[in-house]
Amino acid sequence: MSKLHVDSLTKSYNNKVILSDIFLSCEKGQIIGLIGRNGSGKSTLLKIVFGTEKADSKFVRIGEQIIKNVSKGRNLINYLPQDNFLPNNVKIRTLITLFLSKENRDILFNNEYIIPLLNKQNQELSGGEKRIVEILLIIHSNSEYILLDEPFNGVSPIVKDYIIAYIMKMKANKGYIITDHDYENVFNLVDSILYLQNGYLKKINEKRELIELGYLTKTNYHTANNT
């Protein structure tokens, strides 16, 4: 099995350590959640793994393939950034054709959420519509591992539930690493969860550990568990 292995990853800005000796791994069929406070380095970590951000040091491998940059990771790792990335003045039908193989584009051409958008240009879509198009394009790329940075940002609760269900349906064939500022979204979706704080990753086994780490207050914890 082609496992994603990340080791010895470090990153500093202006002599401030952002990521310190990070290790993580992900297998196909697995969903890893990555949480932490704003500015803790979650997006930076994903960008380094993908290859668009430089690290002070890193070792990224999928199976026997060492991933040193974006080109080395082509068709192995794909990344959904927080901000919209699709170009304007292009129809969604055309974007799907450009981004995906024929087999995968046909899946989107017949998707209930995508069908009404096919003949619209990207700038005509709402923020939520743009997000779901982007997520489905990334998920249906040929890449074995999918990095999703705040995938639920700007989407309605109905669309969020659809995305969660869709990822669960598609998880058998790919590995996922997902960040989100709402820890509940992550806890309800993932197989394993990692907390990033002060440059280090810690595996979280129970929500109550987030109180000890200062990420949640007791009030927030009890409110979340009573809803």
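**Exercise 1. Decide whether N153 is buried, partly exposed or exposed, and place it in the chain.**

Let's start with a single residue. The relative accessible area of N153 is 39%. Buried means under 20% and exposed means over 50%, with partly exposed in between. So N153 is partly exposed. This is a predicted model, by the way, so everything here is read from computed coordinates.

Where does N153 sit? You'll find it in the loop between β7 and α5. Leaving aside residues up to four places away in sequence, N153 touches Q82 and R131. For a sense of distance, take I163: it is 10 residues from N153 in sequence, and their C-alpha atoms are 12 Å apart.

**Exercise 2. Do the same for S156, and find how far it is from I138.**

Step one is the location: S156 is in the loop between β7 (145–149) and α5 (157–170). Step two is the accessibility: at 34%, S156 counts as partly exposed. Step three is the distance: S156 and I138 are 18 residues apart in sequence, and 19 Å separate their C-alpha atoms.

**Exercise 3. Work out whether the protein chain is as compact as a globular protein of its length.**

First, get a feel for what the chain is built from: eight helices and 10 strands. Next, compare two numbers. The radius of gyration is 18 Å, and the globule rule gives 17 Å for 227 residues. Those values are close, so the chain is as compact as a globular protein of that length.

A few more numbers round this out. The C-alpha trace spans about 50 × 45 × 35 Å along its principal axes. Buried residues account for 50% of the 227 in the chain. Now look at contacts between residues at least 6 apart in sequence: 67% of them join residues at least 24 apart.

**Exercise 4. Describe the surface and the charges of the protein chain.**

Take the surface to begin with. The chain exposes about 11,400 Å², and carbon and sulfur atoms supply 45% of that. Then the charges: there are 29 positive and 24 negative ones, and their mean positions lie 4 Å apart.

**Exercise 5. Find the largest nonpolar core and look at one of its best-connected residues.**

A general point helps here: in soluble globular proteins, nonpolar side chains tend to be buried together. In this model the largest nonpolar core has 45 residues. Those with the most contacts inside it are I35, I96, I167, Y176 and L210.

Zoom in on I35. Not counting residues up to four places away in sequence, its partners include D180, Y183, V186, F187, I193, L194 and L210. Apart from this core lies another one, of 26 residues, with L45, V60, I67 and I77 among them.

**Exercise 6. Compare the settings of L45 and I32.**

Begin with L45, which lies in helix α1 (residues 42–50). Its relative accessible area is 1%, so L45 is buried. Beyond residues up to four places away in sequence, L45 touches L9, L19, I22, L24, L34 and L201. The C-alpha atoms of L45 and D191 are separated by 19 Å, with their positions 146 residues apart along the chain.

Now I32. This residue belongs to strand β3 (residues 31–35). With a relative accessible area of 4%, I32 is buried. Its contacts, again skipping residues up to four places away in sequence, include C26, Y176, I177, I178, V190 and L194. I32 and I211 are 179 residues apart in sequence and 20 Å apart in space, C-alpha to C-alpha.

**Exercise 7. Three asparagines: locate N14, N75 and N78, and say how exposed each one is.**

N14 is in the loop between β1 (4–13) and β2 (16–26). Its relative accessible area is 78%, so N14 is exposed. Check its backbone too: N14 has a positive phi of about 50 degrees although it is not a glycine.

N75 sits in the loop between β5 (65–66) and β6. At a relative accessible area of 46%, N75 is partly exposed. Its phi is positive as well, near 65 degrees, in a residue other than glycine.

N78 lies in strand β6 (residues 77–80). The cut-off for buried is under 20%, and N78 has 18% relative accessibility, so it counts as buried. Setting aside residues up to four places away in sequence, N78 touches F50, I138, S141, S143, Y145, I146 and L147.

How values were computed:
Residues numbered from 1 in each chain as written. Predicted model: local features only at pLDDT ≥ 70, side-chain atom pairs only at ≥ 80, totals over all residues. Heavy atoms only, no water. Helix = DSSP H or I, 4+ residues; strand = E, 2+ residues; numbered from the N terminus. Rg over C-alpha atoms; globule rule 2.2 N^0.38 Å. Buried < 20%, exposed > 50% of the residue type's maximum accessible area, 1.4 Å probe, protein only. Contact = heavy atoms within 4.5 Å. Areas by Shrake-Rupley, 256 points an atom, 1.4 Å probe, with all protein chains shown as cover. Lys, Arg positive; Asp, Glu negative; His and termini not counted. Charge placed at Lys NZ, Arg CZ, Asp CG, Glu CD. Core = buried A, V, L, I, M, F, W, Y, C linked by side-chain atoms within 4.5 Å.
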